[in-house]
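User: Please take a close look at one part of this structure, beginning with a single residue in its backbone setting. Then place that part among the helices, strands and side-chain contacts of the rest of the chain.

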Amino acid sequence: MNEPEVLSADKVREELPEDEVLYDLAELFKIFGDSTRVKLLYILSVSEMCVQDLAQLLGVTQSAVSHQLRALKASKLVRYRREGKTVFYALADGHVRTIIDQGLEHVEE
């Protein structure tokens, strides 16, 4: 891996994202700080699923799954679609799968 270039403090300050952007990034990482949410994201990276199936896979209540899905939806990490009375959940986009894959690669090194 390449070492980062040594820059002056002023140059680094110029490249530093706005505080609001860094705050949003920290909030995103907080979402990944819960193992149940990470499991949900991993499952949804494999297949779209309804709450009932997610609850069964995780061995938790549908209410617990719904609670976590609300946080994931609020963070724009999952999307949903309705088919009759059933709601199916999936990852919002490919970025989420990339975050999961890179995180797994990092912890498995």
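Analyst: K76 sits in the loop between helix 5 (62-74) and strand 2. Helices (H or I, at least four residues) and strands (E, at least two) are runs assigned by DSSP and numbered from the N terminus. This is a predicted model, in which local features need pLDDT of at least 70 and side-chain atom pairs count only at pLDDT 80 or more, while totals for chains, interfaces and linings use all residues. Residues are numbered from 1 along each chain as its sequence is written, and side-chain values use heavy atoms, with hydrogens and water left out.

The backbone at K76 has a phi near 60°, a positive value in a residue other than glycine. Most residues other than glycine have a negative phi. With a relative accessibility of 66%, K76 counts as exposed. Here buried means under 20% relative accessible area, exposed over 50%, and partly exposed in between (1.4 Å probe, protein chains only).

Strand 2 (residues 78-83) contains R81. R81 and E48 meet through their side chains in a salt bridge, at 2.7 Å from N to O. The pair links distant parts of the chain, 33 residues apart, with E48 in the loop between helix 3 (35-46) and strand 1 (49-50). A salt bridge is a side-chain nitrogen of Lys or Arg within 4 Å of a carboxyl oxygen of Asp or Glu. Both ends are partly exposed: E48 has a relative accessible area of 30%, and R81 has one of 32%.

The structure holds six salt bridges. One of them joins R97 and D101, whose closest N and O atoms are 2.8 Å apart. R97 is partly exposed at 28% relative accessibility, and D101 is partly exposed at 32%. These two residues are four apart in helix 6 (residues 94-107), which means that about one helical turn separates them. Returning to strand 2, salt bridges that share partners join R81, E48 and E83 into one network.

Another salt bridge is found between E15 and K11, with the closest N and O atoms 3.8 Å apart. E15 and K11 lie four residues apart in helix 1 (residues 9-15), so about one helical turn separates them. E15 is exposed, at a relative accessible area of 52%, whereas K11 is partly exposed at 36%.

Helix 4 (residues 51-58) has V51, L54 and A55 as its buried residues. Viewed down the helix axis, these buried residues fall within an arc of 100°, so they line one face of helix 4. The arc is that of the directions from the helix axis to the C-beta atoms. On the other side of helix 4, Q52, Q56 and L57 are exposed.

Two surface patches complete the account of side chains. Patches are made of residues with over 30% relative accessible area and no salt bridge, where like charges are joined within 9 Å and nonpolar side chains (Val, Leu, Ile, Met, Phe, Trp, Tyr) within 5 Å. Accessible areas come from the Shrake-Rupley method with a 1.4 Å probe, and for residues only the protein chains shown count as cover. E18, D19, E20 and D24 gather in a surface patch of negative charge. Lys and Arg count as positive and Asp and Glu as negative, with His and the chain ends not counted; the place of a charge is NZ of Lys, CZ of Arg, CG of Asp or CD of Glu. Within this patch, D19 belongs to helix 2 (residues 19-31) and is exposed, with a relative accessible area of 64%. The other patch is nonpolar, covers about 360 Å² and is made by L16, L22, L25 and F29. L16 is placed in the loop between helix 1 and helix 2.

Some C-alpha separations help to place these parts. V46 lies in helix 3 and is exposed, at a relative accessible area of 60%. The C-alpha atoms of V46 and L91 are separated by 9.2 Å, with their positions 45 residues apart along the chain. D19 and D53 are 34 residues apart along the chain, and their C-alpha atoms are separated by 39 Å. In helix 6, T98 is partly exposed at 39% relative accessibility. T98 and S8 are 90 residues apart in sequence and 32 Å apart in space, C-alpha to C-alpha.
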